[in-house]
Amino acid sequence: MSAPFIQFRGITKTFGGVTALDEVSFGIARGECHGLMGENGAGKSTLGNVLAGIHKPDAGELLIDGVPHRFGSPRAALAAGVAMVHQELAFCPDLSIAENLCMGHYPRRWGGLLLDRDAMRRHAGQLLAEIGVVLDVERPMGGLSTAQEQLVQIAAAVGNTPRILVFDEPTSSLSEPEAQALFALIEALKRRGLTMIYVSHRMPELFRLCDQVSVLRDGRYVGSLARERMTPDAVVRMMIGRSLETHAPRHLAAPAGEVVLRVRGLASPGRFQDVSFDVRAGEIVGFAGLVGAGRSEVATAIFGLDSRVTGQVGLDGAPFPLRSIKAAMGVGIGLVPEDRKRQGCVPGMPCRANISLAILGRLRRLGMLNFTRERQLARRYFDRLQVKAASLDAPVNSLSGGNQQKIVLAKWLARGGRLLIVDEPTRGVDVGAKAAIHALLDDLAREGLAILLISSELPEVIALSTRVLVMRQGRIVGELPHADATQDAVLRLMAGVGRAACGIRKKV
Amino acid sequence: MDAAAVPVRSPRRFRFVAAQELGLVLVVILLAAVLSLYGWYDASPGRPNLFLSFDNLIDGIATPMSYYAIMAVGLTLVIITGGIDISVGAIMALAALGGAAALQALPPDAPAMLVLPVAILVPTGIGLLCGLVNGGLIVGLSLHPFIVTLGTMSVFRGLANVLPAEKTLPAAGKHLPAAFTTDFMRLEIMGMQLMPLAIMLICVALGWFYLRLMVAGRETYAVGGNEEAARFSGLGVGAIKLRTYAIAGLAAGVAGMVSLGRFGTASTSTGSGYELTVIAAAVVGGASLQGGRGTAIGALLGTLVIALIENGILILRLAQEYRLVIIGLAIIVAVSLDRLSGCLGRRRSAPLPAAPPPPPVTPGPETRS
């Protein structure tokens, strides 16, 4: 490992109060495909973004081929030979593939006055041919599938003749055959001598593609594994840093109560079908599944946010109408949504105003807001959830992700109710707050609340849930009681494939 | 525990002027000081200060700004929800003409008991109706408020041109009842016509009460701050928006009433172009076109800043031709300064102290309760 091609030295990056990267130092050899692993929020994407110039590190040094760099923009990174294929693809949907591919350096004629359409088409065709893709470059970008969009993005990235190519969760929205095609392409690029950074939390992919894997945990560099030492056990231990079941949830000890939520034959065209299940008082029912399997869609439909949903839902034995948030809230359902910033809170408003948002009607007296009660309430949930904020009046966007999530939880706890749906409750949340949220959910279940937990983090679903329901392609494909819910069993159901394809053999 | 140690600031329920508005107050004081000094220096011996005289303060500043300020309060509500209403000038014209048409049918010496209800209810009713039309279209068809009110601005102004028999009401030879004009809107107290000023202050106070103390106001901020989160929290977003546009229309109706009473006439061009000044006043007053921010006091102060600049051009005897240029530049400067102070404020609070290590999660007795 003398003089690695890419060298991170003490890279540190904070967002607001949250440390995303904490003195990360390691090296990547020339020409290798290097995996970056870690749980959600471990900092792997942030590190990829630092390399590609999207985030500027607060401290630390980045050396490429021995030359120190400090990229202020993706353009600067590109100039130094670093290109990135993003998780979220950014294109102009109304422009053609050719127009998108040549954006920023349109070929011109007549002294730069006119766009040279022929040259643009030729150039775009060449870029696509370079990576072995055949697409009509006249087609509008908006009409492409996600996989095709990604190919165009890779073509654009490769067209800049980079030395380093960063992939951030490239398979998060691809189907299996599409992913296989992508892997073949990545292997072809590797043979050309490109150094590649592959950010993902999916072990099978990393094991297949990468020569070396580095693991991040809570923003810190944990270690690297060479290909021959990569085993699921070793990687997971590094990622999690502890055995999974340190705190056995205590709600499991108590017998579950009466059925609270009863769902029968719930269906929404193109999203999910034939979804039936019960949630009992004191239970945490976990929903596992790949992104796009329809978990969040079921949750929002139960909460009344899906205008095309059909089926029967009942709470405490009494049916309630679908397609109405008012009805769902009226029977005592709360939803902590998947996208905290867009759906969960009003970022510019004070914490107390966010906590009282779902019970404004109860705080009304002659049309006026009862500020004293609002403060008492907010105070109570600040204490109970141990929210860390400058004051009750601090705007929510001044809080860290974990504390923002606590505010959203407090909003529903303040309202009370029978069923709480929590969708990705610990996404983008630091470890401390994560453990606190887990303990809170456990407590709430023990108090008799019925909880529906949706999470993409398998360890979270498995550790907390009384039962795990697995969804695949819009259907519930299996149910596992806590005792049988191993990573292996859940993954197999999620992917709908045999044991070998999962790459994980036993519970960690 | 840990969280309990966080200091809780005492409730500041009745904080009249927010930090952001303090800047505007300073600007107003600065402008007033400069104009006062100049007015004193410029006045010929024995004559009163050109700026600091009741004539100028009331008739030159307060009365003309009252129409703008009343509408700016209503528009501020709309802007807080993240919307816009550019039809307020046209609504004002329609309301004033409607009021004039109704009042000219009454004898000029009709008693106040009969005149005032008509004079108040007709223009405000028309304003409310127009506002409901705006809100209904915006919410019902989920169209962009700019497009809808661009359309209704034209429709309302067009109706103001078509419906009255003459370009100016009351018709030739007719007069509005004195009970509304001379004895109400132009009522002199110690030689000053204070009615428009009083109505403006009442509207600002109502706006402050609505936004600051009522649940409805909180809902307005929530919708503008994050419409989707408001919906996800069970707020009736459509009803809240409809209500907001209705209030903006109502405010324009009140402005029409004040203008009608003060001038004794209304014409098809009443309130023409006012919408731009009103938007400018709201924005200078701190309302953010992105939604979620704005106050009634800010709307008043924003209007006052613009009114002082207008008045200053007269007092300083600057060329009238440059009036629009100066006001336009002042608006841009004011908003940039506001933006700048916002950025500085954020930067000051940015480097948060490093988060203390999270407490070990052993659900204590108090978390279980």
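A residue counts as buried when its relative accessible area is under 20%. I186(A) clears that bar easily to read off: its relative accessible area is 1%, so it is buried. Keep in mind that what you are looking at is a predicted model.

**Two buried side chains in helices of chain A**

I186(A) sits in helix 6 of chain A, which runs over residues 176–191. Setting aside residues up to four places away in sequence, I186(A) touches F167(A), M196(A), Y198(A) and L209(A). One of these, M196(A), is ten residues from I186(A) along the chain, and the two C-alpha atoms are 8.6 Å apart.

Q405(A) belongs to helix 14 of chain A, residues 401–415. With a relative accessibility of 1%, Q405(A) counts as buried. Its contacts, again without the neighbours within four places in sequence, are V336(A), R340(A), E424(A), P425(A), T426(A), V429(A) and I437(A).

**Chain A as a whole**

Zooming out, chain A has 18 helices and 24 strands. Its radius of gyration is 25 Å, close to the 23 Å that the globule rule gives for 508 residues, so chain A is as compact as a globular protein of that length. The C-alpha trace spans about 70 × 55 × 45 Å along the principal axes. Of the 508 residues in chain A, 56% are buried. If you take the contacts with a separation of 6 or more, 63% of them link residues 24 or more positions apart. As for the surface, chain A exposes about 20700 Å², with carbon and sulfur atoms supplying 51% of that area.

Helix 9 of chain A (residues 295–302) is mostly covered, with six of its eight residues buried. Those are R295(A), S296(A), V298(A), A299(A), A301(A) and I302(A). After helix 9 of chain A comes G304(A), which has a positive phi near 95 degrees.

**Backbone oddities**

Which residues other than glycine have a positive phi, R323(A) being one and Q386(A) another? Here they are with their phi values and loops.

| Residue | Phi | Loop in chain A |
|---|---|---|
| R323(A) | near 65 degrees | between strand 17 (318–319) and helix 10 (325–330) |
| Q386(A) | about 50 degrees | between helix 13 (371–385) and helix 14 |

As for their surroundings, R323(A) is partly exposed, with a relative accessible area of 46%. Q386(A), on the other hand, is buried, at 14%.

Over in chain B, the peptide bond from L169(B) to P170(B) is cis, and its omega is near 0 degrees. You'll find P170(B) in the loop between strand 1 (168–169) and helix 6 (181–185) of chain B.

**A helix pair in chain B**

Two packed helices are described by the angle between their axes and the distance between the axes. At what angle do helix 11 and helix 12 of chain B pack? Helix 11 (residues 274–284) and helix 12 (residues 296–315) of chain B meet at about 115 degrees, and their axes are 7 Å apart. The crossing of this pair is right-handed. On the helix 11 side of chain B, the contact is made by T277(B), A280(B), A281(B) and V284(B), while helix 12 of chain B brings in A299(B), G302(B), T303(B), V305(B) and I306(B). Sorted by type, the residues of this contact come out as six nonpolar, three polar and no charged.

Technical notes. Residues are numbered from 1 along each chain as its sequence is written. Chains are lettered from A and ligands numbered from 1 in the order in which they are written. This is a predicted model: local features need pLDDT of at least 70, side-chain atom pairs count only at pLDDT 80 or more; totals for chains, interfaces and linings use all residues. Side-chain values use heavy atoms; hydrogens and water are left out. Axes are lines fitted to C-alpha atoms, for helices over the stretch in contact, and angles run from 0 to 180 degrees between N-to-C directions. Helices (H or I, at least four residues) and strands (E, at least two) are DSSP runs, numbered from the N terminus. A crossing is left-handed if the near helix is turned anticlockwise from the far one by less than a right angle, and right-handed if clockwise. Contact means heavy atoms within 4.5 Å. Ala, Val, Leu, Ile, Met, Phe, Trp, Tyr, Cys and Pro count as nonpolar, Asp, Glu, Lys and Arg as charged, and the others, Gly among them, as polar. Buried means under 20% relative accessible area, exposed over 50%, partly exposed in between (1.4 Å probe, protein chains only). The radius of gyration is taken over C-alpha atoms; the globule rule is 2.2 Å times the number of residues to the power 0.38. Accessible areas come from the Shrake-Rupley method with a 1.4 Å probe; for residues, only the protein chains shown count as cover.
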